[in-house]
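Grab your viewer and work through a few exercises on the model below. Each one sets a task and then walks through the solution.

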Amino acid sequence: MLFRSGTLLEVFQGPNGVFPEPSEVEGRTISQLMPEPVASRSMDAIGAALESDVAVSVDFDESYMESGGSRSFETRMARLGGEEVIAVIRDVTQRKRAEAELAHSAMYDNLTGLANRARLSDQLDQALRRSASLAESSPCSSWIWTISGM
């Protein structure tokens, strides 16, 4: 639970051990615990949650929390009453990595790592849009040959 000022009133640790122990963070403010951009967005979310009856979400990626890599977190905040907000913070690192792998697989061949037909088509569409937006458009053409049976 948090107070409007961003002070953590009560903290419950989940089983994954990603977050600090409650005794290390209770009574401290978000500004003391997080880098400025994340703290600022979190404070804005606290204000928004206190002003409405709708839960507010904040997503952030932090490389400082884990040496050698970054972790992604999703925070949902909702007003409890008065000046208090409840926040649920989840580590969504694995989900974000899986989404990135799926996005990459959609555009690149898994065996060779080369761009696939969908990526080629996307790049060609972008090039044609750029060409069309130029004041002096010049004609262009492309040939795509499909070789089967290899």
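## Exercise 1: A long-range salt bridge

The side chains of Glu51 and Arg4 form a salt bridge, with N and O 3.5 Å apart. Find out where each partner sits along the chain, and how open each one is to the outside.

Before the solution, some ground rules: this is a predicted model, where local features need pLDDT of at least 70, side-chain atom pairs count only at pLDDT 80 or more, and totals for chains, interfaces and linings use all residues. Residues are numbered from 1 along each chain as its sequence is written, and side-chain values use heavy atoms, leaving out hydrogens and water.

- Step 1. Check the criterion: a salt bridge is a side-chain nitrogen of Lys or Arg within 4 Å of a carboxyl oxygen of Asp or Glu.
- Step 2. Place the partners: Glu51 is in helix α3 (residues 36-51), while Arg4 is in the loop between β1 (2-3) and α1 (22-25). The pair links distant parts of the chain, 47 residues apart. Helices (H or I, at least four residues) and strands (E, at least two) are DSSP runs, numbered from the N terminus.
- Step 3. Look at accessibility: Glu51 is exposed, at 61% relative accessible area, and Arg4 is partly exposed at 34%. The cut-offs are under 20% for buried, over 50% for exposed and partly exposed in between (1.4 Å probe, protein chains only).

## Exercise 2: More charged pairs

How many salt bridges does the structure hold? Then look at Asp91 with Arg71 and at Glu74 with Arg76.

- Step 1. The count is eight salt bridges.
- Step 2. For Asp91 and Arg71, the closest N and O atoms are 2.4 Å apart. Asp91 lies in strand β4 (residues 84-91) and Arg71 in strand β3 (residues 69-81), so this pair ties together parts 20 residues apart in sequence. Asp91 is partly exposed, with 21% relative accessibility.
- Step 3. Glu74 and Arg76 meet in a salt bridge at 3.6 Å, N to O. Glu74 is buried at 6% relative accessibility, whereas Arg76 is partly exposed at 43%.
- Step 4. Follow the shared partners: salt bridges join Glu74, Arg76, Arg90, Arg95 and Glu99 into one network.

## Exercise 3: The two sides of α3

Check the length of α3, then work out which of its residues are buried and which are exposed.

- Step 1. The expected span is 1.5 Å times one less than the number of residues. For the 16 residues of α3 that should give 22 Å, and the end C-alpha atoms are 23 Å apart, which agrees.
- Step 2. Buried in α3 are Val38, Ala39, Ser42, Ala45, Ile46, Ala49 and Leu50. They cover an arc of only 130 degrees around the axis, which puts them on the same side of α3. The arc is taken from the directions that run from the helix axis to the C-beta atoms.
- Step 3. The other side of α3 has Glu36, Pro37, Asp44 and Glu51 exposed. Pro37 has 54% relative accessibility, and its C-alpha is 9.4 Å from that of Phe60, 23 residues apart along the chain.

## Exercise 4: A pocket

Which residues line the second largest pocket, and what classes do they fall into?

- Step 1. Define the pocket: on a 1 Å grid over the protein atoms alone, using a 1.4 Å probe, a pocket is an open set of points with protein on both sides within 12 Å along at least five of seven lines. Lining residues have an atom within 4 Å of a point.
- Step 2. List the lining: Ala115, Asn116, Arg117, Leu120, Ile144, Trp145, Thr146 and Ile147.
- Step 3. Sort by class: five nonpolar, two polar and one charged. Ala, Val, Leu, Ile, Met, Phe, Trp, Tyr, Cys and Pro count as nonpolar, Asp, Glu, Lys and Arg as charged, and the others, Gly among them, as polar.
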